[in-house]
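Q: Please take a close look at one part of this model, the helix at the start of the chain, and set it beside the other local features that can be described in comparable terms.

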Amino acid sequence: MILDLLRLLLFPMLMAFAASSDLLTMTISNRVSLLLIAGFFVLAVASGMGLTEIGQQIGAGAVVLTVAFTCFAMGWIGGGDAKVAAATALWLGFDYLLPYLLISSVLGGVLTLLLLEFRRWPIPYMLSGQQWLLRLHHHETGIPYGIALAAGALMVYPQTDWIRAVDLGRFIAG
């Protein structure tokens with residue numbers, strides 16, 4: 001039961017926290033990525049994942065970390081985004097990496113277009129005291145891409161073996 005609850009809640013809660021943190025502060029704490037990594041290893045071992053499969057998951061995370069930090073070095077994404085993307089790839093592995101990256105890219109493009117349009121309009125007076133909104137509205141502020149990364153992850157996660165392993169009947173019946 002505890003293992004099933006962790007499979008159902010840990011990853012989604014950390015993704016939701018990463019998205020909300022990026023929206024409100026334009027940063028994603030290193031703790032989020034570290035908790036994702038630690039949570040993966042705890043659940044992988046507790047679920048009986050083999051060393052080969054764990055190695056493949058690590059490989060997916062390493063590939064994304066390499067590409068994401070190249071993007072970070074070019075100034076295209078933030079460091080927190082790069083780390084969260086890599087930690088997410090660790091959870092999703094190569095089986096779900098392409099759908100995750102495609103969905104996150106599309107969502108990131110939509111988010112970017114929406115924010116560019118949002119920044120063209122003045123903020124209503126009654127919202128002008130909200131510092132996070134002013135920061136988001138400022139034309140020199142980047143895009144909180146962690147929102148798209150988290151949303152993409154949350155759209156793909158229900159299809160993974162993590163969720164397929166959950167005995168949902170136990171939650172529905174009990």
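A: What follows begins with that helix and then moves outward to the salt bridges, a loop residue and two pairs of distant positions.

The model is a predicted one, and the description below should be read with that in mind. Helix α1 covers residues 2-25, and isoleucine 2 lies in this helix. Isoleucine 2 is exposed, because its relative accessible area is 62% and the cut-off for exposed is over 50%. Isoleucine 2 also belongs to a nonpolar patch on the surface, which is formed by Met1, Ile2, Leu5, Leu6, Leu9 and Met13 and has about 570 Å² of accessible area together.

Two charged residues of this helix present another picture. Aspartate 4 and arginine 7 both lie in α1, 3 residues apart, which is about one turn of the helix, and they form a salt bridge in which the closest N and O atoms are 2.9 Å apart. Both aspartate 4 and arginine 7 are buried, whereas isoleucine 2 is exposed.

Helix α1 can also be placed relative to helix α6, which comprises residues 146-156. Two packed helices are described by the angle between their axes and the distance between the axes. For α1 and α6, the axes come within 8 Å and cross at roughly 160°. The two helices are therefore roughly antiparallel, since angles over 145 degrees are counted that way. The crossing of α1 and α6 is left-handed.

Beyond α1, the salt bridges can be surveyed over the whole model. Side chains of opposite charge can pair when their charged atoms come close. A search of the whole structure finds 3 salt bridges, one of them being the pair of aspartate 4 and arginine 7 already described. Another joins the side chains of glutamate 117 and arginine 120, at 2.9 Å from N to O. Here glutamate 117 counts as partly exposed, because its relative accessibility is 34%, while arginine 120 counts as exposed at 63%. A further salt bridge links the side chains of arginine 164 and aspartate 161, at 2.5 Å from N to O. Arginine 164 and aspartate 161 are 3 residues apart in helix α7, residues 161-164, so about one helical turn separates them. Arginine 164 counts as exposed, with 54% relative accessibility, and aspartate 161 is partly exposed, with a relative accessible area of 42%.

The loop that follows α1 deserves a word of its own. Methionine 26 is found in the loop between α1 and α2, the latter helix being residues 30-46. Most residues other than glycine have a negative phi. Methionine 26, although not a glycine, has a positive phi of about 60°. Its relative accessible area is 22%, so methionine 26 is partly exposed.

Helix α2 supplies reference points for the wider arrangement. Valine 42 lies in α2 and is exposed, with a relative accessible area of 52%. Valine 42 and serine 128 are 86 residues apart in sequence and 44 Å apart in space, C-alpha to C-alpha. Alanine 38 also lies in α2 and is partly exposed, with a relative accessible area of 43%. The C-alpha atoms of alanine 38 and glycine 109 are separated by 30 Å, these residues being 71 residues apart along the chain.

Key
Residues numbered from 1 in each chain as written. Predicted model: local features only at pLDDT ≥ 70, side-chain atom pairs only at ≥ 80, totals over all residues. Heavy atoms only, no water. Patch = residues over 30% accessible without salt bridge, like charges linked within 9 Å, V, L, I, M, F, W, Y side chains within 5 Å. Areas by Shrake-Rupley, 256 points an atom, 1.4 Å probe, with all protein chains shown as cover. Salt bridge = Lys/Arg side-chain N within 4 Å of Asp/Glu carboxyl O. Helix = DSSP H or I, 4+ residues; strand = E, 2+ residues; numbered from the N terminus. Buried < 20%, exposed > 50% of the residue type's maximum accessible area, 1.4 Å probe, protein only. Axes fitted to C-alpha atoms, helices over the stretch in contact; angles between N-to-C directions. Parallel < 35°, antiparallel > 145°, perpendicular 65-115°, else oblique. Left-handed = near helix turned anticlockwise from the far one by under 90°.
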